[in-house]
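Subject: A structure for you to look at

Hi there,

I am passing a structure on to you today, and I hope you enjoy looking through it. Please open it first, and then read my notes below.

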Amino acid sequence: MDRMTLKARAKVNIGLDITGVLDNGYHLVDMIMQTLQMHDEVTIRKKRERGIEIRSNLRYLPVNENNIVYQAAKMMVDEFQIQDGLRFDIKKEIPVAAGMAGGSADAASALIGINRMYQLSLSTEELCIRGLQLGADVPYCIQGGTMHATGIGEKLERITAMPDCFVVVVKPKASASTKVVYQKFDQLEQVKHPNMTQLLLQMEGMNLNGIADAMGNVLEQVTISMIPEIATIKEVLLKNGALNAMMSGSGPTVFGLYTNRAQADRAVAELSNKKSIQKACVTKFWNK
Ligand code: ATP
């Protein structure tokens with residue numbers, strides 16, 4: 001096999017809480033992550049000249065060692081002494097720096113793809129060990145589906161998948177640095193924690209309305225203080241019939257849950273008209 005294309009799927013957080021901070025500054029989290037059908041495409045090609053080459057449809061994405069796909073490929077090429085050169089074409093659909101783990105999903109695809117292409121027979125667990133060295137979300141992206149993550153995000157447990165519905169994803173043009181969001185969180189005097197026990201219970205029961213009521217993201221108040229538009233997007237999603245709407249990860253992407261496709265389309269139409277919006281679309285959850 002000299003060429004292969006993989007889907008690198010985005011995620012949203014159905015719940016995100018921070019339960020503590022370690023001495024080294026890492027945050028202890030309690031999160032529920034769910035894969036979306038929205039995806040990048042990562043095409044891997046063998047080439048005669050040695051070296052790792054990255055191409056992308058986004059001009060501003062790094063194509064050198066700063067691209068996480070390059071780092072994933074380098075790790076595998078070095079460890080398994082791969083003699084071929086490798087070229088990666090990354091077709092980005094997932095908004096960048098958006099709280100949707102786009103880079104981590106691309107890196108996961110690179111690890112999975114190289115493992116298959118060179119018949120290295122690494123197990124999922126062995127791939128995850130390597131993935132964790134690239135980023136905290138990479139092991140999750142390797143496995144995909146619905147997971148409860150604890151620790152610093154590395155302890156993953158598969159849980160009941162989200163019930164089927166339409167998911168409207170909205171990325172404002174504004175960006176928020178994950179590092180700054182966490183720093184600002186540490187300075188908060190009053191924190192509004194989501195009820196993760198209730199959320200997990202509702203997820204176990206596959207009760208979409210109960211899940212919508214219980215979902216929450218402790219970082220939302222922080223990122224909204226930096227990008228107030230997040231609150232406006234939530235209002236538009238709710239006004240158009242979303243069961244609930246929430247920011248994913250450290251933001252600024254917001255998503256809304258709908259049982260009615262026409263309402264989801266209306267929300268997208270209204271938001272797409274705004275100059276401040278980079279992307280608004282309808283997708284669905286993806287499960288294994
Ligand atoms: P998370 O949900 O894990 O916080 P994110 O959506 O906030 O992820 P990414 O889209 O993964 O963030 O990208 C964050 C940074 O990583 C960007 O500044 C981008 O330039 C860099 N980067 C490197 N490689 C990639 C890649 N393949 N795709 C997207 N971003 C990449």
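Here is what I found, starting with the whole protein and moving on to single residues.

**The overall picture**

Please keep in mind that this is a predicted model. The protein has 10 helices and 11 strands. Its radius of gyration is 19 Å, close to the 19 Å that the globule rule gives for 288 residues, so the protein is as compact as a globular protein of that length. If you lay a box along the principal axes, the C-alpha atoms fill roughly 55 × 45 × 35 Å.

Of the 288 residues, 54% are buried. The surface that the protein exposes comes to about 13300 Å², and carbon and sulfur atoms supply 46% of that area. Contacts also reach across the chain: among those between residues at least 6 apart in sequence, 75% join residues at least 24 apart.

**A sheet and two helices**

A good place to start is the open sheet that four strands form in the order 9-10-7-11, with antiparallel pairing. Strand 9 and strand 11 (277-284) stand at its edges; each has a single partner strand, so one side of each is left without a neighbour in the sheet. From one strand to the next, the twist averages 20°.

As general background, strands of a sheet pair through backbone hydrogen bonds, in either a parallel or an antiparallel way. Here, strand 9 and strand 10 run antiparallel and are joined by four bridges. To find your way along this pair, look for M246, which stands opposite F255 in strand 10.

Two helices lie across strands of this sheet. Helix 9 (residues 229-239) lies across strand 7 (166-172), strand 9, strand 10 and strand 11, and runs at about 10° to strand 10. Helix 10 (residues 261-272) lies across strand 7, strand 10 and strand 11, and runs at about 170° to strand 11.

**A closer look at N217**

Is N217 buried or exposed? N217 has a relative accessible area of 8%, and because buried means under 20%, this residue counts as buried. You will find N217 in strand 8 (residues 216-217). Leaving out residues up to four places away in sequence, N217 touches L16, P194, M246, M247, S248 and G249. So M246, the residue opposite F255 in strand 10, is one of the residues that N217 touches. A polar atom of the N217 side chain also lies 2.8 Å from the backbone nitrogen of L219.

**Backbone details in the loops**

Three spots in the loops are worth a visit.

- G251 and P252 are joined by a cis peptide bond, with omega at about 5°. P252 is found in the loop between strand 9 (244-247) and strand 10 (254-258).
- A97 is not a glycine, yet its phi is positive, at about 50°. A97 is found in the loop between strand 4 (85-91) and helix 2 (102-117).
- S121 is another residue other than glycine with a positive phi, near 60°. S121 has its place in the loop between helix 2 and helix 3 (124-132). With a relative accessible area of 64%, S121 is exposed.

If you have time for one stop, I would suggest the pair of strand 9 and strand 10: their four bridges and the cis peptide bond between G251 and P252 can be looked at together.

Happy exploring, and best wishes

Terms used. Residues numbered from 1 in each chain as written. Predicted model: local features only at pLDDT ≥ 70, side-chain atom pairs only at ≥ 80, totals over all residues. Heavy atoms only, no water. Buried < 20%, exposed > 50% of the residue type's maximum accessible area, 1.4 Å probe, protein only. Polar contact = N/O pair within 3.5 Å; in protein donor to acceptor, adjacent residues only side chain to side chain. Contact = heavy atoms within 4.5 Å. Pairing = 2+ DSSP bridges. Axes fitted to C-alpha atoms, helices over the stretch in contact; angles between N-to-C directions. Rg over C-alpha atoms; globule rule 2.2 N^0.38 Å. Areas by Shrake-Rupley, 256 points an atom, 1.4 Å probe, with all protein chains shown as cover.
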